[in-house]
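I opened this notebook to record what I looked up in one structure. The entries follow the order in which I worked.

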Amino acid sequence: MMSGFFQSGHAADLVLAVLACEALWLKSRGWAWGGIFALLGPAVFLVLGVRAALVGAAWYWVALPLALSLPLHLIDLRARFAARSGQE
């Protein structure tokens with residue numbers, strides 16, 4: 001049962017649904033969509049890469065979202081460091 005859940009990619013789908021709920025929760029707390037995307041975007045791309053691997057997709061469908069997660073993460077870090085240095 002659990003092996004089918006993972007092999008079908010539904011485990012990753014569940015994680016993506018949780019991330020979507022988190023995005024909506026953050027929006028209800030006053031976050032801007034850009035900030036939410038910067039925070040959760042890398043996680044979404046990582047999970048998409050894992051999903052591609054779970055379902056046996058071609059290597060480039062695994063590599064592409066994983067590669068896209070890094071620039072988003074670096075953009076988020078840069079913004080956070082800039083905001084932090086501006087507060088001090």
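The entries below cover salt bridges, one bent helix, a surface patch and several single residues.

**Entry 1. Status of the model**

I note at the outset that this is a predicted model. I therefore treat every value below as computed from a predicted model, with local features taken only where pLDDT is at least 70.

**Entry 2. Salt bridges**

I asked how many salt bridges the structure holds. I found two salt bridges.

I looked up Arg51 and Asp13 and found that their side chains meet in a salt bridge, at 2.6 Å from N to O. This pair links distant parts of the chain, for the two residues are 38 residues apart. Arg51 belongs to helix α3 (residues 33–54), and Asp13 belongs to helix α2 (residues 10–28). I then checked how accessible the partners are. Arg51 is partly exposed, at a relative accessible area of 24%. Asp13 is also partly exposed, at 26%.

I turned to Asp76 and Arg80, whose side chains meet in a salt bridge at 3.0 Å, N to O. Both residues sit in helix α4 (residues 59–87), and because they are four residues apart there, about one helical turn separates them. I recalled the general rule: an α-helix has 3.6 residues a turn, so residues three or four places apart point the same way. Are the two partners buried or exposed to some degree? Asp76 counts as buried, with 10% relative accessibility, whereas Arg80 is partly exposed, with a relative accessible area of 38%.

**Entry 3. Helix α3**

I checked the length of α3 against expectation. At 1.5 Å a residue, its 22 residues should span 32 Å. The C-alpha atoms at its ends are 29 Å apart, which agrees.

I then asked where α3 bends. The bend is at Leu40 and amounts to about 45 degrees. A proline, Pro42, follows within four residues.

I listed the buried residues of α3 next. They are Ile36, Ala38, Leu40, Gly41, Pro42, Val47, Gly49 and Ala52. Leu40, where the helix bends, and Pro42 are thus both on this list.

After α3 comes Gly56, and I recorded that its phi is positive, near 80 degrees.

**Entry 4. Contacts between α3 and α4**

I looked up Ala38, which is found in helix α3. Ala38 counts as buried because its relative accessibility is 17%, under the 20% limit. Not counting residues up to four places away in sequence, Ala38 touches Leu72 and Asp76. I also took one long separation: the C-alpha atoms of Ala38 and Ser8 are 28 Å from each other, with the two residues 30 residues apart along the chain.

From the other side, I asked which residues Asp76 contacts beyond its neighbours within four places in sequence. Asp76 is in contact with Ala38 and Leu39. Asp76, the salt-bridge partner of Arg80, is placed in helix α4.

I continued along α4 to Leu77, which is found in this helix. Leu77 is partly exposed, with a relative accessible area of 29%. Its C-alpha atom is 9.1 Å from that of Leu39, although the two residues are 38 residues apart in sequence.

Ser69 is found in helix α4 as well. I recorded Ser69 as buried, with a relative accessible area of 8%. With neighbours within four places left aside, Ser69 is in contact with Pro42, Phe45 and Leu46.

**Entry 5. The loop between α1 and α2**

I looked up Gly9, which is placed in the loop between α1 and α2. Gly9 counts as buried, at 0% relative accessibility. Leaving out residues up to four places away in sequence, Gly9 touches Arg51 and Val55; Arg51 is the salt-bridge partner of Asp13. I also noted that Gly9 and Leu54 are 5.7 Å apart in space, C-alpha to C-alpha, and 45 residues apart in sequence.

**Entry 6. Nonpolar surface patch**

Which residues form the nonpolar patch on the surface? I found Met2, Phe6, Val50, Leu54 and Val55. Together they have about 410 Å² of accessible area. Helices α1 (2–7) and α3 each supply at least two residues of the patch. Met2 lies in helix α1.

Methods: Residues are numbered from 1 along each chain as its sequence is written. Side-chain values use heavy atoms; hydrogens and water are left out. A salt bridge is a side-chain nitrogen of Lys or Arg within 4 Å of a carboxyl oxygen of Asp or Glu. Buried means under 20% relative accessible area, exposed over 50%, partly exposed in between (1.4 Å probe, protein chains only). Contact means heavy atoms within 4.5 Å. Patches are made of residues with over 30% relative accessible area and no salt bridge: like charges are joined within 9 Å, nonpolar side chains (Val, Leu, Ile, Met, Phe, Trp, Tyr) within 5 Å. Accessible areas come from the Shrake-Rupley method with a 1.4 Å probe; for residues, only the protein chains shown count as cover. The expected span of a helix is 1.5 Å times one less than its number of residues. The bend at a residue is the angle between axes fitted to the seven residues ending there and the seven starting there.
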